Amino acid sequence: QVQLVESGGGLVQAGGSLRLSCAASVRIRSFNTMGWYRQAPGKQRELVASITSLDITNYADSVKGRFTISSDNAKNTVYLQMDSLKPEDTAVYYCKADFVLGLRGYDVWGQGTQVTVSS
């Protein structure tokens, strides 16, 4: 069973940094894409950053230049380094993995980790 466990959230002042981790129960190279999403109260869940099995990265415009997604295959973990945090970055951050098994596509979500940025 594929499981994702996020960690690293917390409370930080504006301008500060946090690093989120997403540990997978299987080899992350088996995934097509892994991504970080966030959902603020009253808002839809949105993509923050993603990384493919070929290490191609993609970022939301709102976080470009501030956030960095990376992966460590040896640890089966994907990270989200968040710098220059703003109050509007406050949200629950979720990790997601997409993979294909047979002819079907699947996605798996973590339980989420809260990030709160105070002004």
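1. Burial first: 40% of the 119 residues in the protein chain count as buried. Keep in mind that this is a predicted model. The accessible surface adds up to about 6500 Å², with carbon and sulfur atoms holding 48% of that area.

2. On the fold, the count is 0 helices and 11 strands, so the chain reads β-β-β-β-β-β-β-β-β-β-β from the N terminus on. The radius of gyration is 14 Å, close to the 14 Å from the globule rule for 119 residues, so the chain is as compact as a globular protein of that length. The C-alpha trace spans about 50 × 30 × 25 Å along its principal axes.

3. Contacts reach a fair way along the sequence. Taking contacts between residues at least 6 apart in sequence, 54% of them join residues at least 24 apart.

4. Charges: there are 12 positive and 10 negative side chains in the protein chain. The centres of these two sets lie 2 Å apart.

5. Have a look at glycine 16, which sits in the loop between strand 2 (10–13) and strand 3 (18–24). Its relative accessible area is 17%, and because the cut-off for buried is under 20%, glycine 16 goes down as buried. Leaving aside residues up to four places away in sequence, glycine 16 touches Met82, Asp83, Ser84 and Leu85. Its C-alpha atom is also 9.7 Å from that of serine 118, a residue 102 places away along the chain.

6. Now the rings. The whole structure yields 4 aromatic pairs. One of them joins phenylalanine 31 and phenylalanine 99, a tilted pair with 5.9 Å centre to centre and 45° between the planes. Phenylalanine 31 is in the loop between strand 3 and strand 4 (33–39), while phenylalanine 99 is in strand 9 (residues 91–101), so this pair ties together parts 68 residues apart in sequence. Both phenylalanine 31 and phenylalanine 99 are buried. Ring pairs also bring in Tyr106, giving a cluster of Phe31, Phe99 and Tyr106.

7. Another pair to check is tyrosine 94 with tryptophan 109: the ring centres are 6.3 Å apart and the planes stand at 85°, so the pair is edge-to-face. Tyrosine 94 belongs to strand 9 and tryptophan 109 to strand 10 (residues 104–109), so the parts tied together here are 15 residues apart in sequence.

8. Buried or partly exposed: which label does each partner in that pair get? Tyrosine 94 has 14% relative accessibility and counts as buried, whereas tryptophan 109, with a relative accessible area of 32%, is partly exposed.

Conventions:
Residues are numbered from 1 along each chain as its sequence is written. This is a predicted model: local features need pLDDT of at least 70, side-chain atom pairs count only at pLDDT 80 or more; totals for chains, interfaces and linings use all residues. Side-chain values use heavy atoms; hydrogens and water are left out. Helices (H or I, at least four residues) and strands (E, at least two) are DSSP runs, numbered from the N terminus. Buried means under 20% relative accessible area, exposed over 50%, partly exposed in between (1.4 Å probe, protein chains only). Contact means heavy atoms within 4.5 Å. The radius of gyration is taken over C-alpha atoms; the globule rule is 2.2 Å times the number of residues to the power 0.38. Accessible areas come from the Shrake-Rupley method with a 1.4 Å probe; for residues, only the protein chains shown count as cover. Lys and Arg count as positive and Asp and Glu as negative; His and the chain ends are not counted. The place of a charge is taken as NZ of Lys, CZ of Arg, CG of Asp or CD of Glu. Rings of Phe, Tyr and Trp (its six-membered ring) pair if their centres lie within 6.5 Å; planes under 30 degrees apart count as stacked, over 60 as edge-to-face and the rest as tilted.
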